[in-house]
Amino acid sequence: MLKRTFIFVLWMTAVMTLSAQTDIPPVSQPSEMINDQRSKVNENYIGYLSYEAVLRSMAQYDSVQVHMEELRQAYEKEMKRVEDEFNQKYEEFLEGRAQYPRTILLKRQQELQDMMQRNINFKNESRSELAEAQKKAMAPLRARLNEVIATVARQEGLVIVVNTDSEACPFIDPDVSQDIEEKVIQIINTP
């Protein structure tokens, strides 16, 4: 009982102390100062652009796509080669299976199954490696684009820049926002 009373008194003291501190008048809020500064630069706080359109407008974009297409073709060529090799071995197996003793037949079946599994693994690894290569090749372009977007946003006094590609934002009020796509394209393609 004494323990409960002590905890209750302690709790009440803490509540009273906290409520007493809320009576202190607030000091100038940093967000108010920031908003005052932004309103001097621009009344629109939201910018928007099509990230993909700007990315595709970059001079380096085409060379990355050419490189990726060459890599895709190399993987496709190898996949076709291993598929043809498998088909040839399978045809040989079908032609000779009546002549093979049981142990040779089972051995060849296992070889074909192993070969097919390796081919499946290769296709999966190829897709994964292509996706990783695409990500690595595009990383410098995306980094540069993000820098330019941040620069334009700061120059225009924007709080946020919305990417209109995802269709997550079907309407942006032009009275409180501005399209920065052309400014970003102009800066990003200036040598």
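These legends accompany several close-up views of a predicted model.

Local features are described where pLDDT is at least 70, side-chain atom pairs count only at pLDDT 80 or more, and totals for chains, interfaces and linings use all residues. Residues are numbered from 1 along each chain as its sequence is written, and side-chain values use heavy atoms, with hydrogens and water left out.

**View 1. The whole chain holds six helices and three strands.**
Starting at the N terminus, the order of elements is α-α-β-α-α-α-β-β-α. Helices (H or I, at least four residues) and strands (E, at least two) are DSSP runs, numbered from the N terminus. Of the 191 residues, 21% count as buried. Here buried means under 20% relative accessible area, exposed means over 50%, and partly exposed lies in between, with a 1.4 Å probe and protein chains only.

**View 2. Three strands form an open sheet in the order E2-E1-E3.**
The pairing is parallel, and two strands pair if DSSP finds at least two bridges between them. Look to the edges for E2 (160–163) and E3 (177–179), each of which pairs on one side only. On average, neighbouring strands are turned by 30° against each other, direction ignored. For such angles, axes are lines fitted to C-alpha atoms, for helices over the stretch in contact, and angles run from 0 to 180 degrees between N-to-C directions. As a reminder, strands of a sheet pair through backbone hydrogen bonds, either parallel or antiparallel.

**View 3. Strand E1 (residues 46–49) pairs with both E2 and E3.**
Four bridges join E1 to E2, and three bridges join E1 to E3. On the E2 side, Ile 46 stands opposite Ile 160. On the E3 side, Gly 47 faces Gln 178 and Tyr 48 stands opposite Asp 179. The side chains of E1 alternate: Gly 47 and Leu 49 point to one face and are buried, whereas Ile 46 and Tyr 48 point to the other and are not.

**View 4. Asn 44 sits in the loop between helix H2 (30–41) and E1.**
With a relative accessibility of 15%, Asn 44 counts as buried. Its C-alpha atom is 6.6 Å from that of Gln 178, although the two residues are 134 apart in sequence. You have already met Gln 178 as the residue of E3 opposite Gly 47.

**View 5. Helix H5 (residues 102–156) bends by about 40° at Ala 139.**
A proline, Pro 140, follows within four residues of the bend. The bend at a residue is the angle between axes fitted to the seven residues ending there and the seven starting there. With 55 residues at 1.5 Å each, H5 should span 81 Å, and its end C-alpha atoms are 79 Å apart, which agrees. That expected span is 1.5 Å times one less than the number of residues. Just after H5, Gly 157 takes a positive phi of about 70°.

**View 6. Helices H4 (residues 59–96) and H5 have axes that come within 11 Å.**
Two packed helices are described by the angle between their axes and the distance between the axes. The axes of H4 and H5 cross at roughly 180°, so the two helices are roughly antiparallel. Angles under 35 degrees count as roughly parallel, over 145 as roughly antiparallel, 65 to 115 as roughly perpendicular and the rest as oblique. The contact of H4 with H5 has 20 nonpolar, six polar and eight charged residues. In this scheme Ala, Val, Leu, Ile, Met, Phe, Trp, Tyr, Cys and Pro are nonpolar, Asp, Glu, Lys and Arg are charged, and the others, Gly among them, are polar. Tyr 90 belongs to H4 and is partly exposed at 37% relative accessibility. The C-alpha atoms of Tyr 90 and Glu 111, 21 residues apart along the chain, are separated by 9.9 Å.

**View 7. Glu 167 lies in the loop between E2 and E3.**
Its phi is near 60°, a positive value in a residue other than glycine. Most residues other than glycine have a negative phi. Glu 167 is exposed, with a relative accessible area of 69%.

**View 8. Ala 53 is placed in helix H3 (residues 51–57).**
Ala 53 is partly exposed, with a relative accessible area of 31%. Between the C-alpha atoms of Ala 53 and Ile 185 the separation is 9.0 Å, with the two residues 132 apart along the chain.
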